[in-house]
Each structure stands twice: as structure tokens, then as C-alpha cells.
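Visitor: I would like a close look at a single part of this protein, followed from its own residues out to its surroundings. Please take your time over it.

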Amino acid sequence: MSFTGRRVLIIGTGLAELAARALDGAVIETAAAETLNGRSLQTDPPDLVLIDAAGASAEAVGAAIATLGRAPTPPPTLLVGEHLPVALVRALMRLPRSDVLEAPFSPEDLCQAAQPLMTPQPAPMHNAPSRCWTVMGAVGGAGATTLAIETACALAERLPGPRRVCLIDLNIADGAAAAYLAAPANMLLSRASQAPERIDAALLDAFVSQAPGGIDLLASARDCHAFDTTSGEAVLRILDVACQVYDAVVVDAPRHRRAWTLDVLSGSDELLVVSELTVPALLAARSLAAEIEAELPDGPPPRIVLNRLAKRVFGPAPSMVEAEKALQRRAIGGITSDWEAAAASANLGGPISQHRPKSRIVKDVGDLVDRLMASPAVRGDVARVA
Ligand SMILES: Nc1ncnc2c1ncn2[C@@H]1O[C@H](COP(=O)(O)OP(=O)(O)OP(=O)(O)O)[C@@H](O)[C@H]1O
Ligand SMILES: [Mg+2]
């Protein structure tokens with residue numbers, strides 16, 4: 001294969017000469033690990049990144065690999081060095097196209113290692129799950145935030161890529177997702193609303209925080225004015241960028257209608273309406289679903305999830321069959337009630353799947369996610385009357 005005109009970015013300085021001999025005709029650039037920049041990786045991605053582990057500290061190399069991993073399409077990366085730390089190699093292997101080359105090596109060795117990484121790949125089949133799943137409660141406290149978190153974590157477990165799932169809490173005034181996960185709420189959406197056209201992958205990175213359960217989180221700090229100061233354009237743009245960067249996005253959507261609500265819903269591939277098993281909640285879910293169907297006839301069909309299913313020991317609660325009658329449609333899934341697991345996880349900070357992996361909630365959410373991945377929603381699908 002010819003390397004002529006292909007761009008190779010070397011992190012470190014020691015390898016430039018050897019790389020020029022190994023990769024004949026390639027355009028070689030060098031940069032320090034600390035200066036690797038997420039924005040230029042997106043706008044002007046090199047054909048290969050060659051990291052010389054001997055040229056920087058393990059921390060700096062680790063940070064450079066993390067920056068590469070956050071790029072929407074991480075460039076092929078070859079890490080070279082002697083006695084490479086396992087942690088670095090593991091981080092590298094999470095990149096979609098990467099390899100290691102143990103020093104010392106010859107120009108031929110480098111050429112052989114670079115070739116398969118730089119061979120153009122057929123575009124990956126997007127046999128993937130739906131890209132954006134939105135969760136909305138039919139009534140307050142139905143469990144939308146809890147299920148959005150657990151769904152995001154279950155999706156992250158099932159997706160292979162380095163940037164798997166981003167949970168976006170659009171309850172921008174007083175969302176609870178960050179508190180439930182004990183993760184920072186860094187999304188400054190009202191400030192970004194002043195120049196929404198500047199919302200890009202780099203800004204998204206600045207807003208994102210890592211949350212337990214293998215997911216990233218976009219959530220805002222409490223701000224009672226946020227709905228007035230945040231523009232619909234900013235909300236839709238952050239969602240758009242997140243959908244480009246992540247394999248899947250899960251949105252915890254506010255229950256009350258905002259100017260941008262219908263756009264968020266119509267841009268979603270799955271729309272889960274969470275209800276509990278009380279008559280008022282079921283009636284609210286039925287109205288909300290009917291309302292959405294009427295307003296978005298070509299949008300994702302609302303699918304109802306019944307949360308906190310319990311044995312009928314606490315008085316007369318509707319059964320699943322009775323609930324579906326009240327809803328006048330089938331529910332896509334039911335989630336068992338487990339107050340201990342839900343409360344303990346919220347108190348400890350983190351998903352139930354982490355703190356109480358054996359809870360029925362985790363199994364039920366996993367089954368629901370498997371079902372949704374196996375049969376994605378068909379836009380404009382008419383609800384099946386139960
Ligand atoms: N399956 C479940 N079993 C037991 N408790 C649950 C379950 N799902 C949620 N909860 C609990 O119910 C309460 C409300 O849940 P959550 O905050 O997720 O609801 P919400 O619909 O997001 O509420 P809000 O309307 O305030 O946004 C929390 O205490 C949560 O731990
Ligand atoms: Mg909530």
C-alpha cells in the first residue's frame with residue numbers, strides 16, 4: 001500500500017525520522033501529548049496517530065488516548081514503546097482501530113503495523129439500536145429518571161464502542177439525574193444559548209461528565225430560570241451533536257411541554273412513557289400517548305412502560321391486564337418495584353445495576369432494552385389497542 005500524502009501525527013518527537021523511512025511519502029507531523037486537541041481531531045483527522053510512549057509521561061499518554069477516544073471517529077492509533085503499562089494498552093484497545101508495537105523495532109516492523117490500520121475500512125453496518133431514546137413520565141414521580149439511568153447503563157453494557165451512551169437530563173431547571181448518579185452537572189446550556197451555532201463536539205466534551213455505570217452525563221446545575229434562559233435551538237443542537245458523537249443517547253425529558261418538546265420527541269427513535277400502576281397515572285399515560293400520536297403522526301410511537309409493579313399486598317392495584325385495558329394499548333414492558341434497591345442506589349450515588357445488580361429492576365430494564373433493540377419502533381406506527 002502507498003503512504004503517499006497520508007497524514008501521520010506522531011505524539012512525541014523521537015520517531016519522526018524512523019517513521020519517514022517506514023511510511024514512505026507520508027506527511028509526518030509531530031505534537032506533544034499535552035497539545036493533542038479534540039477539535040482538530042474532529043475537523044482535520046490524521047490518517048494515523050503514532051504515540052511514542054517513551055516521549056511523554058504515562059499520564060500524558062493516557063490523557064492523549066482519552067482525547068482520541070472522545071473524537072467522533074477516533075483515528076487509527078499505534079502505540080509504540082518498551083514495557084508498555086497494561087493500563088495504557090487497555091485504554092488503547094478501547095479505540096476502534098488501534099495496535100501496539102513493542103520497541104525496539106525496525107522501519108519494516110513499523111510499516112507492517114501501520115498498514116492494516118491505515119487500510120480504508122468499509123463503513124460499519126449500523127445494525128445498531130435506535131440512536132436516541134427519550135423517556136418521559138406520565139405523572140410526577142413515576143420513575144422516569146430512574147428508568148432513564150438504568151436504560152442508559154443497560155445500553156452501555158450492550159454497545160461495543162468507546163463512546164457508547166450519553167444520558168441527557170433535559171429537566172434543566174431541577175433535574176435529578178446528576179444527584180442520583182453523584183456525578184457533576186456541568187452542562188451550561190443557558191450560556192451556550194447565546195451562541196448556539198458554536199455548540200460542537202468540543203463544547204459537548206466540556207459539558208459532559210463521566211458517570212458510574214459506564215455512561216456519560218449531560219446535566220445542568222439547579223437553576224430556576226433555566227427554562228426561560230435556554231433556547232430551543234441550544235437544546236436541539238446539543239442533542240444533535242450528542243447523537244453524532246455517541247452510539248446512543250438517552251434523554252430524560254421534562255413532563256411539562258416546552259417550546260422544544262415536540263422537536264425532541266420527533267427526533268427520537270424511541271419514546272418511552274413511564275407510568276405507575278395507579279388509575280390516575282394510567283389515565284395520564286393514555287392521554288399523553290394519545291396527545292403525542294395526534295401531534296406527531298409520523299413520529300416515534302409512544303411506548304408505555306409500567307413501573308413499580310408490585311404484588312397486590314398493599315391494597316387494590318390494577319393488574320397488568322387491567323392496566324392495559326385502562327391504557328387502551330399494550331405496554332412495552334413492566335418494571336418490578338424494589339424500593340430498597342432504588343433508594344439505596346440513589347443514596348449511594350450510582351445506578352441500581354451497580355449497587356444492586358441482582359434487583360429485579362435491573363433484570364426487567366435489561367429485558368426491556370433487549371426487546372427494544374430487537375424490534376425498534378416504526379415511525380407512525382399505530383398503537384395496538386389491548
Ligand atoms: N421500580 C422502582 N421500584 C421502587 N422504587 C422506584 C422504582 N422506580 C423509581 N423508584 C423510586 O421512585 C421515586 C421517583 O423516581 P424518579 O425520580 O425516577 O421519578 P421521576 O418520574 O423522574 O420523577 P420527577 O417527576 O420528579 O422527575 C424515587 O424515589 C425512585 O427511587
Ligand atoms: Mg425525574
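Visitor: Why is β12 largely enclosed by the rest of the structure?

Guide: The model is a predicted one, and the reply begins with burial: eight of the eight residues of β12 are buried, so the strand is largely enclosed by the rest of the structure. For a count of this kind, a residue is taken as buried if 20 or more other C-beta atoms lie within 10 Å of its own. Across the protein, 44% of the 386 residues count as buried.

The setting of the strand is an open sheet of eight strands with mixed pairing, in the order β8-β9-β7-β10-β6-β11-β12-β13. The edges of this sheet are formed by β8 (209-211) and β13 (331-336), each of which pairs on one side only, while β12 stands between β11 and β13 in the order. Neighbouring strands are turned against each other by 25° on average, with direction ignored. As general background, strands of a sheet pair through backbone hydrogen bonds, either parallel or antiparallel.

On the β11 side, the pairing can be followed residue by residue. Strand β11, residues 270-276, runs parallel to β12, and six bridges join the two. Within this pairing V273 of β11 stands opposite I304 of β12, L272 has R303 as its bridge partner, and S275 is partnered by L306.

The neighbour β11 is itself mostly covered, with seven of its seven residues buried. The side chains of β11 are divided between two directions: E270, L272, V274 and E276 point one way, L271, V273 and S275 point the other way, and all of them are buried. Two of the residues already met as bridge partners of β12, V273 and S275, therefore belong to one of these sets, whereas L272 belongs to the other. Beyond β11 comes β6 (residues 132-137), which runs parallel to β11 and is joined to it by five bridges; here W133 stands opposite E270.

Helices also pack on the sheet at this place. After the strand pairing of β11 and β12, one may turn to helix α13 (residues 279-295), which touches both β11 and β12 and whose direction makes about 160° with that of β11. Helix α14, residues 320-327, packs on the sheet as well, where it touches β12 and β13, and its direction makes about 135° with that of β13. Contacts to β12 thus come from both α13 and α14.

The loop between α14 and β13 holds Q328, whose phi is near 60°, a positive value in a residue other than glycine. Most residues other than glycine have a negative phi. In contrast to the buried residues of β12, Q328 counts as partly exposed, because it has 14 C-beta neighbours inside 10 Å.

The strand also has a part in the surroundings of ligand 1. In the model 19 residues surround this ligand, and the closest are G137, G143, T145, T146 and A342. The elements that give two or more residues to this shell are α6 (144-158), β12 (302-309) and α15 (339-348), and the largest share, four residues, comes from α15. By class, the shell consists of nine nonpolar, eight polar and two charged residues.

Seen in the whole chain, the strand lies within domain 2 of the domain assignment, which gives domain 1 as 7-118 and domain 2 as 132-374. The C-alpha centres of the two domains are 38 Å apart, and their contact takes 10 residues from domain 1 and eight residues from domain 2. On the domain 1 side, α2 (38-43) and α3 (58-70) each supply at least two residues. The protein comprises 17 helices and 13 strands in total, and its C-alpha atoms fill a box of roughly 75 × 45 × 35 Å along the principal axes. Among contacts between residues at least 6 apart in sequence, 75% join residues at least 24 apart.

Methods
Residues are numbered from 1 along each chain as its sequence is written. Chains are lettered from A and ligands numbered from 1 in the order in which they are written. This is a predicted model: local features need pLDDT of at least 70, side-chain atom pairs count only at pLDDT 80 or more; totals for chains, interfaces and linings use all residues. Domain bounds come from an automatic or database domain assignment. Two residues are in contact if their C-beta atoms, placed from the backbone, lie within 7 Å. A residue is near a molecule or strand if its C-beta atom, placed from the backbone, lies within 6 Å of it. Ala, Val, Leu, Ile, Met, Phe, Trp, Tyr, Cys and Pro count as nonpolar, Asp, Glu, Lys and Arg as charged, and the others, Gly among them, as polar. A residue is buried if 20 or more other C-beta atoms lie within 10 Å of its own, exposed if 12 or fewer, and partly exposed in between; C-beta atoms are placed from the backbone. Two strands pair if DSSP finds at least two bridges between them. Axes are lines fitted to C-alpha atoms, for helices over the stretch in contact, and angles run from 0 to 180 degrees between N-to-C directions.
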